[in-house]
There are 2 protein chains.
Amino acid sequence: MNNPTPPPGGKDAKNERMREILSAALEEFFQEGFAATRLDAIAERAGVAKGTIYLYFDSKETLFEEAVRSAILPVLQRIETFSVDPQGSAEAALRAMISIFYRDVIGTDRRRILRLFIAEGPRFPRLLAFYHAEVLSRGMAAMRNVLQYGVERGEFRASAAINYPHVIFGPALIGALWKMMFDNLEPLDIDGLRDAH
Amino acid sequence: MNNPTPPPGGKDAKNERMREILSAALEEFFQEGFAATRLDAIAERAGVAKGTIYLYFDSKETLFEEAVRSAILPVLQRIETFSVDPQGSAEAALRAMISIFYRDVIGTDRRRILRLFIAEGPRFPRLLAFYHAEVLSRGMAAMRNVLQYGVERGEFRASAAINYPHVIFGPALIGALWKMMFDNLEPLDIDGLRDAH
DNA sequence: TTGATATGACCGACTGGTCAGTCATAAAGT
DNA sequence: ACTTTATGACTGACCAGTCGGTCATATCAA
């Protein structure tokens with residue numbers, strides 16, 4: 001009922017706890033995968049007791065989904081900016097998209113989300129559907145636009161690739177996976193890969 | 001001491017059991033991942049009791065590694081044939097390699113090995129190293145040869161891509177992953193992808 | 001041929017330990 | 001004082017790995 005100061009401060013503290021738990025959870029899930037991660041480990045990393053986690057999340061599953069979602073949000077916002085590309089050449093736009101992808105996903109810790117998705121996706125269909133709808137299909141649509149635009153301007157040859165933007169991001173994905181799996185055995189120069197790409 | 005008939009038949013039965021266990025294990029690991037797979041489930045699928053598994057394998061870890069290894073062997077043998085390509089154009093050779101990869105890995109159940117590797121690899125460094133040494137580096141070397149050959153014949157432009165055969169297989173990998181994760185949401189035509197590729 | 005004995009592959013109930021989720025109690029906040 | 005938030009010991013389910021016992025088959029003896 002009282003509402004003289006809309007954000008009293010308790011809200012902030014609560015959000016703070018929540019974010020600490022989410023980031024601790026994300027880190028543990030990255031390292032161990034879903035099944036092998038212990039709630040105790042998350043609690044310890046977040047600096048709370050295990051019971052506290054259950055004040056904020058219903059179950060391990062929920063926590064996992066929320067953690068992944070929270071990690072994707074920034075990427076989502078980044079994608080929004082894709083849609084607006086009023087500038088000149090389609091090639092420049094395409095190059096820019098690829099560079100952004102390398103810089104913001106492949107070249108950062110965020111690439112670990114990719115691995116988590118690949119590893120645990122099939123067990124979390126809701127999450128997969130969310131990711132597909134909110135991230136993938138938007139990104140692919142943006143790609144298709146740019147490619148189409150390039151064809152219309154005569155920059156690109158019309159080819160089957162228009163319908164398979166997958167092809168364009170394949171090399172980047174493989175770079176991310178390689179770095180996470182074999183970098184100690186045979187290091188990979190992401191910049192070199194990007195240029196070759 | 002008796003040795004008139006060296007393979008009495010017991011050997012065959014033993015190998016048979018072993019193969020049944022391996023294939024049951026592989027199927028379960030594919031579906032559930034390492035941590036979430038129960039030995040009971042493997043035993044049931046293989047039609048043996050749980051104890052029997054331990055007559056053939058030391059531990060869940062060992063069983064996992066052996067199962068994955070056994071699934072990779074055929075791929076390894078296929079790679080051997082890569083090295084010999086005395087024919088004409090480098091482009092034809094390259095196309096052939098890509099086609100073989102699509103037909104024998106991406107287009108079959110074997111693509112699930114890829115996912116298993118990505119999901120569990122980091123927890124099985126020995127397996128990763130084995131895969132890297134026996135499969136990846138051989139395949140990449142073969143690729144580099146073909147590319148090099150193409151450049152010498154003037155077929156391909158010399159470019160940074162020579163050193164990054166990763167780039168070539170990226171699209172195929174993404175195709176495999178897509179099919180395993182999003183095929184129900186947005187089916188992907190592997191043949192179309194291959195052609196675009 | 002037939003019964004007696006030996007072998008070892010196979011079984012599955014059991015153990016010890018782990019971990020998600022709960023709840024009685026305590027601390028903090030108002 | 002009372003409500004909200006946090007704690008961590010506890011519970012019950014689950015599961016990797018074990019081990020004493022069974023039984024089909026092989027070997028031998030008579």
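## Close-ups of a two-chain, DNA-bound model

**View 1. A:Ala172, a buried spot in helix α8 of chain A.** A:Ala172 is found in helix α8 of chain A, the helix that runs over residues 166-182. Everything shown here and in the other views comes from a predicted model. Is A:Ala172 buried or exposed? A:Ala172 is buried, because 25 other C-beta atoms lie within 10 Å and 20 or more is what the label takes. Skip the neighbours within four places in sequence, and A:Ala172 is in contact with A:Phe101, A:Tyr102, A:Ile106 and A:His197. For a sense of distance, look for A:Ser89: this residue is 83 residues away from A:Ala172 along the chain, and their C-alpha atoms are separated by 22 Å.

**View 2. A:Ala119, with contacts in both chains.** Now go to helix α6 of chain A (residues 111-120), where A:Ala119 is found. A:Ala119 counts as buried because it has 22 C-beta neighbours inside 10 Å. Which residues does A:Ala119 touch, not counting those up to four places away in sequence? In chain A there is A:Gly33, and from chain B come B:Gly33, B:Ile118 and B:Ala119. A:Phe34 is another residue to pick out: A:Phe34 and A:Ala119 are 85 residues apart along the chain, yet their C-alpha atoms are separated by 8.9 Å.

**View 3. Helix α7 of chain A, end to end.** This helix covers residues 125-152, 28 residues in total. At 1.5 Å a residue it should span 40 Å, and its end C-alpha atoms are 38 Å apart, so the two values agree. Where does α7(A) bend? Look at A:His132, where the bend is about 40°. Several residues of α7(A) are buried, among them A:Leu127, A:Tyr131 and A:Leu136. Further along, A:Ala142, A:Met143, A:Val146, A:Leu147 and A:Gly150 are buried too. Residues three or four places apart in an α-helix point the same way, because there are 3.6 residues a turn. Just after α7(A) you'll find A:Gly154, which takes a positive phi of about 80°.

**View 4. Where chain B meets chain A.** Each side brings 33 residues to this contact, 33 from chain B and 33 from chain A. On the chain B side, the elements that each supply at least two residues are α1 (10-36), α6 (111-120), α7 (125-152), α8 (166-182) and α9 (190-196). Which of them has the largest share? That's α8(B), with 12 residues. Sorted by class, the side of chain B that touches chain A has 22 nonpolar, eight polar and three charged residues. The copies meet through the same surface, because 100% of the interface residues of chain B are also interface residues in chain A.

**View 5. Chain B laid on chain A.** A turn of 180° and a shift of 0.0 Å along the axis lay chain B on chain A with an RMSD of 0.1 Å. That is the relation of a two-fold axis.

**View 6. The surface near DNA strand C.** Count 17 residues around DNA strand C; the closest are A:Lys60, B:Val48, B:Ala49, B:Gly51 and B:Thr52. Both chains take part: α2 (39-46) and α3 (50-56) of chain A, together with α3 (50-56) of chain B, are the elements that give two or more residues to this surface. α3(B) gives the most, with four residues. By class, the surface near DNA strand C has five nonpolar, six polar and six charged residues.

**View 7. The surface near DNA strand D.** Here, too, 17 residues surround the strand, and the closest to DNA strand D are A:Ala49, A:Gly51, A:Thr52, B:Gly51 and B:Lys60. At least two residues each come from α1 (10-32) and α3 of chain A and from α2 (39-46) and α3 of chain B. Which element gives the most to the surface near DNA strand D? It's α3(A), with four residues. The classes near DNA strand D come to five nonpolar, six polar and six charged residues.

**View 8. Chain A as a whole.** Zoom out and chain A shows nine helices and zero strands. Its C-alpha atoms fill a box of roughly 60 × 50 × 30 Å along the principal axes. Of its 197 residues, 29% count as buried. Among contacts in chain A between residues at least 6 apart in sequence, 63% join residues at least 24 apart.

Definitions and conventions:
Residues numbered from 1 in each chain as written. Chains lettered and ligands numbered in written order. Predicted model: local features only at pLDDT ≥ 70, side-chain atom pairs only at ≥ 80, totals over all residues. Near = placed C-beta within 6 Å. Nonpolar A, V, L, I, M, F, W, Y, C, P; charged D, E, K, R; others polar. Expected span 1.5 Å × (residues − 1). Bend = angle between axes of the 7 residues up to and from the residue. Buried ≥ 20, exposed ≤ 12 C-beta atoms within 10 Å, placed from the backbone. Least-squares fit on C-alpha atoms with pLDDT ≥ 70 in both. Contact = placed C-beta atoms within 7 Å.
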